[in-house]
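Here are some short exercises on how two domains of one chain meet. Grab a viewer and work along.

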Amino acid sequence: MTTFARPGKHILKRYDKDMRKLQKRVLKMGAMVADQMQRLQDALGQEDDERARQVIEGDRPIDLQEIKVDKFIIRLLARRAPVGSDLRYIVAASRIVTELERLGDETAQMAAALFQEETPVAGCNGRPAHGEVRSLVEQLLELFEQVMAAFEKYDYRSALQLAGMDASRGREMDKRLKDLMECVFGSGQQVSEAVNFILVLRSLERGLRHVQNIAEHVIYLVTGEDVRHRKKGPASA
Amino acid sequence: MSVIDAGIRPDGARDARETDATVGKPFLEKKVTLRARNVNVFYGEKQALFDVSIDIGKHEVTAFIGPSGCGKSTFLRCFNRMNDTIDSCRVRGEILLDDEDIHDPKMDVVPLRARVGMVFQKPNPFPKSIYENIAYGPRLHGLVSGKSELDALVEKSLSRAGLWNEVKERLDEPGTGLSGGQQQRLCIARAIAINPEVILMDEPCSALDPIATARVEELIDELRRKYTIVMVTHSMQQAARVSQRTAYFHLGRLIEVDKTDRIFTNPSHELTEAYITGRFG
Amino acid sequence: MTKRSDIRAAVERGLSRRRRRDRLVRRLGLGAILLGLGFLAFMFFSIIGMGYSAFWQTRIQLPVELDPAAIDPERTHDPAVLRNADYAGLIKQALRKRFPQIKKRKEKRKLYQLVSSGAAYALQAMVLQNPALIGSTPGLWLTANDDVDVWFKHPETSGKRLNDQQKAWLEELHAKGELKKFFNLDFFRNGDSREPEQAGILGALMGSFYTILVTLGLSLPLGIAAAVYLEEFAPKNRWTDFIEVNINNLAAVPSIVFGLLGLAVFINFFGLPRSAPLVGGLVLTLMTLPTIIIASRAALKSVPPSIREAALGVGASRMQTLFHHVLPLAMPGMLTGTIIGMAQALGETAPLLMIGMVAFIVDVPRGILDPATVLPVQIHLWADSPERAFLEKTAAAIMVLLAFLVLMNLAAIWLRRKFEKRW
């Protein structure tokens, strides 16, 4: 056995029920964010303004869900006075919810930047911006789904890879984003045309950070180690 | 592999060897008031404590937690040899109070108990006046000479226990007429009247309501500056609130001891985790 | 499936039956208490009804001429002379003077019977105390004979031992106010006597007092010491178990066995005097010890362990814990046990019969070595006597015994209060 076991059952059955409910609600919020990203990806593939508008409007239910989960967390803190793994789980869930809300915001902002402008955003090296962004969104979505799976399954090793970005995927995306950014700046395009594209790239970058943060929160909830704001990878060293 | 023996490390790998070793930090480098090494306690044939070793830091509140019958009270009573009063009870191992072995045959229990005071689960004032309750100990040990000195000591002890203003008008009334919380503070005042180094508290708040509990907890926190306090508690919240270090006992073994903050956010041992989060099935 | 309403109906049905049973049990308990109280009241009424008259004494007023020629012809005022005078003769003479119409010898003898034989001793005592009276003729109230006493108190139900002539004389005396009832001081200041009108309770009372004094003085310290040792210091092993079983069994041994033991050990072996309160006290000590030990141990056990812990916790030694805290708290319980034991001892007859305290003793004992009898034995003796007049004495003695018991209990209550106040 090399992974942490998920903690056993409480003597109070209601406590277990509450904890399961919390997990379900966080996962539901995660699924909502994932849906938004999927929709954005679809919209980008089909140049579909209608879908893009749906993405922008779809941020509102996520915000509402955040409020709902937050309320539930406060209730749990007040009623259960959690300690140990329960405390870590609830704190991590609270932080994850915040990250999810921001991730939802970023998704909506990307949709707004890409579709609400009359002028199409510029590309890079002749490649169309939309295509490039689409593949990046797809990659972000994939990472995001991984981290949510890690949260659901208590998989702290997977979270470690995601957080440290030593894994190929995360690092690869990071690199692609940097390249694109350099390319946009280097291509000598007009700043006014490139602004939207840069905004989208920034959003993607921030989205990636949020995913990494969620991974850190998962590590915290499983091991109790706070790995935020560290240069190097977590305690595996 | 039984659960008790399986320590796990923060990196997720279980300790491979089967061990009874305590996890956490049983020994301290800073000032230590009480040192226990390999303490074993037997009630007749039955062993109640197994090889408990721990340091109690000076001017710290150390909390012992654990399920009923885990030996925490038994261990607490080793520190002032209260177990001597039980015929069938035998204590093996070494307990040092400021580097003096308290089980040394030359060590008399009377001065030991003057140095290690005790407060019990149920408030147990003597059925005498409030004044007599406080004055009994100092008079017994001949700590004061003269009535005025004794008066001053009674006032000081009661003040330190935060009870003076409540009882100064009725020192002649019986101590048993006070409320439960006041009685317990009277018992604490009685303990500090003989100016001990260590105060042992055996579930001092289990018979009190939340407000009285809060008062006693506040008092414990204040007393920490002058005394070393070891307390047994069934309330994990209380251990979390008032102690600096927490030790978790299970079936007669010291499972884990560490800073209270760590025990309550990220305990190292599965059993500690299961106990503090309410997962014993 | 039972509907809720069905369940409720079933409960309702059962409820009235349950209440009926509750009431029945309550009434049975109340009935038992009332029955007990009834018997108690009956006992008190019958004893007081029978015994109150013993506190009154019938006396006859006679002018007795203290003729110097008869008492002290040579006027020596020598007590020896005064003591030997014929006071009975003086009384007879006074009677003859009072009833000059009586001439026949037989009738005269009947007349002399009206006055108690003790009256002569009372007259002697009076003269000895105050020789100046010699030569005067004081109107003295002389104690009447017990038959007169009984007849005067209960004229309807008695009087068979008096003939009509005697009754007529008495009627005459009564009509002239020369036959009256006085408060019976003799009952409280005399010892036992063959003559009922002279028999008093003081001898038995003092006997009981000395006996209880010896019992208390021995059994209280012994019992408490034994209880403290067994409860606080004795190791728990077969020996102490054996002792414990024996103490419990001793409490159930018939008291006469202790009497035999006392006879064999204290009188035959140690040669202590028979009939003495000392021996009685020793025997009763043996008898009450188990009671006191058991009660004292229960009292010690009932002291909460938290008090011991508190004392040990502030550094008191075991001895200090015991004397400063445990014993004061256990004291009321120990005293209660002791008082129960003393009450038992006070009412005990059988073991004292064995050691000779049943003897007829006229003198009031002045110490624990004087021959004595005790109240219950006195009651037993009087109840056995054939004279009608002893009936009321018996009842009166019972009243005195009960009063003694009540006094002891009051003392116990007072002591308890006093000890309890201290905490």
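The exercises below go from domain layout to individual residues.

This is a predicted model, where local features need pLDDT of at least 70, side-chain atom pairs count only at pLDDT 80 or more, and totals for chains, interfaces and linings use all residues. Residues are numbered from 1 along each chain as its sequence is written, chains are lettered from A in the order in which they are written, and side-chain values use heavy atoms, with hydrogens and water left out.

**Exercise 1.** Lay out the domains of chain C and locate the contact between domains 2 and 3.

*Solution.* Start with the bounds, which come from an automatic or database domain assignment: domain 1 is 4-52, domain 2 is 55-189 and domain 3 is 202-421. Next, take C-alpha centres: those of domain 2 and domain 3 of chain C are 45 Å apart. Then count residues in contact (heavy atoms within 4.5 Å): domain 2 of chain C gives 12 and domain 3 of chain C gives 11.

**Exercise 2.** Work out how much area these two domains bury, and who pays for it.

*Solution.* Use buried area (accessible area, 1.4 Å probe, that two parts lose on being put together, summed over both). Domains 2 and 3 of chain C bury about 880 Å², with 61% on carbon and sulfur atoms. On the domain 2 side, Phe55(C), Val150(C) and Phe187(C) lose the most, together 49% of what that side buries.

**Exercise 3.** Find the salt bridge between the two domains.

*Solution.* Look for a side-chain nitrogen of Lys or Arg within 4 Å of a carboxyl oxygen of Asp or Glu. The count between domains 2 and 3 of chain C is one. Lys153(C) forms a salt bridge with Glu392(C), with the closest N and O atoms 2.9 Å apart.
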